Amino acid sequence: MAVLASPLTSERDQNFLIATSAGPLAVLKIANALEDPAMLVAQQAVMAHVARGFALCPRVIPTRSGAGTVTAAAPGGKSHTLWAVSFLPGVPLGTVRRRPPALLEDLGGRIGELTRALDGFDHPAIHRDFYWDLANARRYIDEYRPLLSGERDRECAAAIDTLVARFDRETAPLLPHLRRGAVHNDPNDYNILVEPGDPFTGREAHITGFVDLGDMVHSFLVADLAIAAAYMAIGSDDPLSAAAHLVRGYAARAPLPDAEIAALFGLIAMRLCASACIAAHQRRERPDNVYLDISQDAVRRTLPVFAATPFRLAEAVFRDAAGLEPVAASAAVRAWLGAHTGDFAPVLGVDPRLVPSLVLDLSPASPLLHGDVRENEEPALTARLFAAMRKAKAPLAIGRYDEARLIYSAPAFAPARGSGGERRAIHIGLDLFAEAGTPVYAPLDGTVHALANNDAPQDYGAVIVLRHETGDGTPFHTLYGHLSRASLDGLRAGATVRRGDRIATLGTPAENGHWTPHLHLQVITDTLGLDTDFPGVARAAQRAVWRSLSPDPNLIVGLPAERLPAAPTKSENLATRHAHLGANLSIAYQDPVRAVRGWRQHLYDDEGRQYIDAYNNVPHVGHAHPRVVAAAHRQMAVLNTNTRYLNDKLNEYAERLTAMLPDPLSVCYLLNSASEANELALRLSRTHTRARDLIVLEAAYHGNTTSLIDISPYKHAGPGGAGAPDWVHVAPLPDDYRGAYRRGDPEAGRKYAAHVAGIISRLRSQDRSLAGFIAETCPSVGGQIIMPHGYLADVYRHVRAAGGLCIADEVQTGLGRMGTHFWAFEAHGVVPDIVVMGKPLGNGHPMAALVTTPAIAASFANGMEFFSTFGGNTVSCAVGLAVLDVLRDEQLQAHALAVGAQMLDGLRALMARYEVIGDVRGSGLFLGAELVRDRETREPAGPAASFVANRFREAGILLGTDGPHHNVVKIRPPMPFEAADGDRLVETFESILAENFS
Ligand code: PMP
């Protein structure tokens, strides 16, 4: 068997992979001639040491005589040391772009194991004064920092100065307390091996090894964690969270003492600062090396994010990740406040425990708030809140602590750099709403710690921070925001304040940052050095951390707990659902979305995250469209009854709806669901034709009733299905991408239709007659299929010749979604005998309709009464009319055409670059991208489509998958979906593809 040697990239040694056709054998290493021989011995010794309990480092492969190395003469009288180590599978982590939390956690865990495996190892060679020893970082930063003097390095240099000053103040004193020992010292992302995830199988990435122990040194034990975290931070749009994932994994596998957690962020920062400074030095030595610059770009971007992160915030985040109370003193402060709640003075003079007070819901689910952010600003919101208080005869209203606030999803509150795009939305104070000018009192003794007038819009306005101590001397603070400017007059830092002292008055909107007059009261267990800039809202991802930094101010205010009930958590919600709702009621996404509000093309979850809804066609004219809401509300308050009484709304809706359809479709039946409408279509076709048999398409879905499951191969031919009954005949899906006849074939439509003709002639030969043919005009569950030209016209001809009726299920495609036409069948030049419509008709209000010809309706009126209790009720008619009005007035069909065309262009451009997209198709806002494992074989890539949908969900865009192989990414948003949303969708798709499929 041939043995091949291929070079591996390496910084210092020369490495070769030795392999046969059967697979890799070993890695041959030619040590750098400058390498300290003692260090080589140490490397071999450490590999043997580590291998006792840890399989993720290479092992030395001895020579036949048992030696660890051999010496080979090189030309010119030099000699080189050669040695071999075992091969570890995987690719460098540096080549893997997607680093999900689970992979980072795995990395942290493996580093924890490595630290433990290194325990007890020592060698004189690793006690060295080494450039890259984290303990020396400060020295090299001082030495080379002056080289970062150019304009381009200005922000980076300022960040380094900030970080170094903080390190000296906050981290350096901890260093003597850190454990020391042998560390790998260079777990950079090219020395970490990973088995990458596979979106085609759903396999997640995991760490497979650590190589290159040549940088080993005797240093801080936590250095390996810090260095790996530094490398993971620079590749991340949320560096602190990336580092925290490592800490979570590490702490689960290895001890991580408090002092090391406290020092960790400073050490990570110093590694980054050293990297920037040493790179500046290397740039000066080798000005032509462009790679140095490129690799430094990410460091340059990350350093300002680090500089904007208080060290003790990072410590709290890391402690939380390690399973500890984020702020160690918080528990003591909470306990002390809890024990003294009744003793504190009322903070507003009026005691909310004694006067009627109203607890306001300011969460994304609140009916007090509007989907339109502009309606939630001053003065509209003030008017609404004060009206609610007047109605409740409450001089005081409470805004809750630890509540996600819809207000912060407004554009004015953009996410901070380095927060992974997450906005701060969790309110971590307690609000007390009362008239401007209401006096504010100190609830307990303290001193004035800081005061300021933060008069930027949306800030605190005038703000005061008091300092207090618990009985045992643990310091903590209280913050009073949105005060009047006059409150600061005569107050100075350091002044003593007694319980019950008047310290301020509430500000007017003009002076309190443009908010409704209220006191923002917050308890602070660690000011993080931010004092009057201490945030009042936090990222949901750091919720537990901020609850520890800012415990519940109700510990001071003392409202009874039952006044502030906690909403069920997401996991409680899931548990109740599992207990009381059928198990086959499926939930979208690995991480379910808990949607609490919709507005136009957006959904909001319970933590205030905004999603672009690219999937829901039911809220056709947009979630919570005010005209539809108003129509329902108005009619509901006047009359809601059934079709047994004469009603102009019913007639008006019937007229308006039938007017949208071509002749002779002029008689309508109004129902509650498309299932009910399709069920009726079955009855109509049977009564009219006196036949029973029906032709349906492969993979079709028409509804959830017993008969509709019978005519829906998507269900009856799938899991749990019992197959088609004898009266149902399944024709091939006219799929010109995957089916028997493809897009290039001009006869494809005729050929697919011939299968329907074939079924008909078989029925004829069996003496069976045909009731009809039913199909979605663009099969959606079938995979967003656009039927080939001529297909439907041919099928209708065959069906009618056999006496059957043609039923168009326009539930998904009707009402302008396709952009080119109001109904999808119009694009095919056909007029069905029965049109079934549903989902979008009521914009979420349960409505469906069936429109047919007078002749078919006459056959159906055979003496048996037809009645649907809710179908055509007055409220539904009012809602349906409003939907039609909005469609017309907002010209949503033309809008869908334009936005869809632009998105199609973007998707096609992606298809040109990424093999995994086998096809892109659709029209208007009804689009699909079909994913394949292989363009030639068109092998469907179902798990990849589901992977993509889940990544989209993480990126804040909701879409789904469909098709018989579940491999079609389905885009079917509410009609107000904008061109910018389409651009974001295409860009997000591109980054998902680039990270996972290139
Ligand atoms: N027909 C089609 C094409 C559908 O997509 C659906 C719902 N997904 C239905 C009928 C049944 O609608 P409903 O759930 O409103 O009864």
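In which sense do strands β26 and β27 pair, and over how many bridges? In this predicted model, β26 spans residues 602-605 and β27 spans residues 610-613. The two strands pair in the antiparallel sense, over three bridges. Leucine 603 stands opposite tyrosine 611 of β27. The hairpin of β26 and β27 has four residues between the strands. Within this hairpin, glycine 608 takes a positive phi near 85 degrees.

Strand β27 also pairs with β38, a strand made of residues 957-958. Here the strands run parallel and are joined by two bridges. Isoleucine 612 faces this partner, standing opposite isoleucine 957 in β38. Strand β27 thus takes part in an antiparallel pairing with β26 and in a parallel pairing with β38. Both arrangements are known for sheets in general: strands pair through backbone hydrogen bonds, either parallel or antiparallel.

A further sheet was examined strand by strand. It is open and consists of eight strands, with mixed pairing. The strand order is β12-β13-β16-β23-β20-β19-β18-β21. Strands β12 (357-360) and β21 (496-497) form the edges, each pairing on one side only. Inside the order, β16 is followed by β23. Strand β16 covers residues 430-433, and β23 covers residues 518-524. Four bridges link β16 and β23 in the antiparallel sense. In this pair, aspartate 431 stands opposite histidine 520 of β23.

Helices pack on this sheet as well. Helix α11 (residues 380-391) touches β12, β13 (396-399) and β16. The direction of α11 makes about 140 degrees with that of β12. Helix α10 (residues 330-340) lies across β19 (461-469), β20 (475-483) and β23. Relative to β20, helix α10 runs at about 70 degrees. Strand β16 is thus touched by α11, while its partner β23 is crossed by α10.

The cysteines were then considered. A search of the whole structure finds zero disulfides. Cysteine 877 is in no disulfide; its nearest cysteine sulfur, that of cysteine 668, lies 8.4 Å away. Cysteine 877 counts as buried, at 1% relative accessibility. Why does cysteine 277 form no bond with cysteine 273? The sulfur of cysteine 273 is the closest cysteine sulfur to that of cysteine 277, but the distance is 6.5 Å. A disulfide requires the two sulfur atoms to be within 2.5 Å, so this separation is too far for a bond. Cysteine 277 is likewise buried, with a relative accessible area of 0%.

Notes:
Residues numbered from 1 in each chain as written. Predicted model: local features only at pLDDT ≥ 70, side-chain atom pairs only at ≥ 80, totals over all residues. Heavy atoms only, no water. Buried < 20%, exposed > 50% of the residue type's maximum accessible area, 1.4 Å probe, protein only. Pairing = 2+ DSSP bridges. Contact = heavy atoms within 4.5 Å. Axes fitted to C-alpha atoms, helices over the stretch in contact; angles between N-to-C directions.
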